[in-house]
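Colleague: I'm new to this one and would like a close look at a single part. Please walk me through the place where one of the ligands sits, and then how that fits into the rest of the chain.

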Amino acid sequence: MKTLRLILGDQLNIKHSWFNEPNDEVIYCLFEMRQETDYVKHHIQKVIGFFAAMRQFASDLESLGHHIVYFKINDQNNNQNLIDNLSKIIEKHAITNFEYLFPDEYRLDKQLRSYSETLNIPYHIVSAEHFYTNRDDLAIFFKGKKQYLMENFYRDMRRKYDILMVGDQPEGGKWNYDKSNRNKWKGDINIPNYKLFKNNVSEVIEDINRANIETIGRFDTKTFSYPITRAQGLEQLKYFCEALLIHFGDYQDAMHTDETYLFHSRLSFAMNLKLISPKDVVVTVMNYYRKHEQTIAISQVEGFIRQVIGWREYLRGMYWAFMPDYKSKNTLENYNSLPKFFWTGKTKMNCLKHAITNSLDNGYAHHIQRLMITGNYALLTQTNPDEVDDWYLGIYVDAIEWVQLTNTRGMSQFADGGKIATKPYVSSGSYVNKMSNYCGDCYYNKNKKIGDDACPFNSLYWNFLDEKREHLGNNFRMGMMYSLLDKMDKQDLQNIKEKATHIIEHQDDY
Ligand code: FAD
Ligand code: SF4
């Protein structure tokens with residue numbers, strides 16, 4: 001028997017049981033393909049990062065004695081799509097058994113399933129051995145429930161895996177320290193130098209250029225700074241524990257013109273490619289916390305754990321519970337286009353300028369920049385969620401559909417009608433001012449709703465509430481905002497709406 005095992009670019013889990021022992025009857029294959037580089041326009045650093053990590057992974061497996069077939073992007077024998085490449089290898093090596101790991105993307109899941117059914121050899125699908133939960137665990141957990149509250153899922157995860165628990169009660173007496181995670185960054189604490197790796201990727205860049213792959217964003221060095229191996233992922237994790245965990249929760253939602261990462265971990269790329277697992281992350285963070293309980297508050301640790309065993313696992317479960325319909329949801333009926341400045345960062349709105357420039361420069365923005373700056377703006381300008389998805393799926397190094405789509409279309413754009421978020425994450429300029437220093441030296445005045453120098457977020461916000469009343473007017477959590485809207489002078493509202501319409505129609509002038 002000769003087995004072919006496929007490893008996708010986001011399945012680089014060297015701890016997988018497949019690799020326990022080399023086997024001369026098994027061939028592993030990995031492909032760099034136009035199918036993957038071209039389904040959306042990706043950030044240049046994302047393509048570099050995936051190829052660099054895949055090449056390193058293949059080379060590491062080879063040195064462990066495994067047999068590998070690797071197609072680089074410009075290889076003559078690369079057919080540039082999964083099915084043709086697989087067929088070619090199956091024929092060439094007289095393969096008698098095909099195996100692959102459960103893909104995390106619906107698109108690839110469907111493609112591989114249909115292909116496998118056409119094969120005249122047996123095939124097997126195996127767990128990728130990464131997540132805490134199985135694909136359908138969330139759907140089972142919420143079966144028969146009207147709401148899919150993350151908080152309920154998260155508490156169940158805490159109990160099930162005995163994380164931050166004392167018996168059946170949450171350690172410290174509270175499940176959630178969200179309220180103490182909202183400090184504004186005033187620059188009064190030293191942020192340690194950021195851990196940036198110096199992976200030499202000049203060969204990968206040359207190959208990408210030669211293949212003429214169209215990308216977005218910038219990359220003006222030859223060294224890739226995110227982890228591309230398990231060892232680097234673990235090093236980044238250790239660094240996070242030692243240098244950043246102590247203030248992670250406090251400044252989780254803060255934004256600042258001088259700070260790209262603040263106390264965020266930058267671990268999503270390594271986790272999403274499965275270089276390290278959520279269990280690696282949780283166990284390491286918890287061990288570190290246990291040794292440093294005198295200096296690290298539980299609110300910092302709980303804030304972080306919630307992202308990993310709560311949000312990350314929850315959104316993956318939601319993806320599998322609601323795909324493929326989820327990808328076309330547009331409950332708020334938004335059809336506008338994103339402005340050009342999303343690809344250049346050239347806007348007078350300081351908050352957007354910083355969040356977008358950070359994204360173009362680093363393939364990174366932290367959660368609140370993604371949610372409350374770019375996402376907030378896209379929703380307030382009533383942008384078509386298809387366009388918003390494409391931008392988010394392309395721009396971030398960590399963007400893979402299962403986690404991008406649910407965060408974007410669900411949490412950020414409320415296009416799923418409230419399955420993930422209980423109310424839309426929209427705000428006027430006052431929230432941005434509360435959580436950042438962006439407004440201080442902005443061209444616009446955060447306090448004004450109309451006039452040439454009025455902060456665009458203000459008129460857009462009230463206009464959005466007014467226009468979406470049919471969808472949101474009965475939302476219990478929006479009640480206070482709608483009663484303020486109802487009390488607004490009719491002429492004032494009219495002026496605000498005219499201003500908002502002008503902004504939406506001339507976004508690139510703002
Ligand atoms: P940290 O702030 O240090 O958090 C630690 C880890 O928790 C992250 O590495 C990540 O694995 C996990 N995490 C935190 N928040 C979330 C979340 N909301 N969903 C899932 N995991 C989370 N994350 C992605 O990995 N890929 C995406 O494509 C993606 N798209 C997003 C789009 C929008 C509109 C929004 C609002 C959020 C998106 N996120 C996405 C979630 C989050 O912004 C990133 O995971 C985070 O910014 C990554 O940076 P970090 O590793 O420094 O995170
Ligand atoms: Fe953004 Fe308005 Fe603040 Fe300027 S004033 S930074 S546009 S929120």
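Modeller: Here's the ligand site, followed by the domains and a couple of backbone details.

First, some ground rules: this is a predicted model, where local features need pLDDT of at least 70, side-chain atom pairs count only at pLDDT 80 or more, and totals for chains, interfaces and linings use all residues. Residues are numbered from 1 along each chain as its sequence is written, chains are lettered from A and ligands numbered from 1 in the order in which they are written, and side-chain values use heavy atoms, with hydrogens and water left out.

Now, ligand 2. Around it you'll find M349, N350, C351, G429, V432, Y438, C439, C442, Y444, K446 and C455, each with a heavy atom within 4 Å of it. Two elements, α12 (350-362) and α16 (429-435), each give two or more residues to this shell; helices here are DSSP runs (H or I, at least four residues), as strands are (E, at least two), numbered from the N terminus. By class, eight of the shell residues are nonpolar, two polar and one charged. Nonpolar covers Ala, Val, Leu, Ile, Met, Phe, Trp, Tyr, Cys and Pro, charged covers Asp, Glu, Lys and Arg, and the others, Gly among them, are polar.

Stepping back, the chain splits into domain 1 (3-126), domain 2 (137-200 + 209-321) and domain 3 (340-509), with bounds from an automatic or database assignment. The C-alpha centres of domain 2 and domain 3 are 24 Å apart. Their contact (heavy atoms within 4.5 Å) takes 31 residues from domain 2 and 36 from domain 3. Together they bury about 3100 Å², with 63% of it on carbon and sulfur atoms; that's the accessible area (1.4 Å probe) both parts lose on being put together, summed over both. On the domain 2 side, R218, M255 and Y319 lose the most area to domain 3, together 24% of what that side buries.

Lastly, the backbone. M323 and P324 are joined by a cis peptide bond, with omega about 5°, and P324 is in the loop between α11 (298-322) and α12.

Terms used:
Buried area is the accessible area (1.4 Å probe) that two parts lose on being put together, summed over both.
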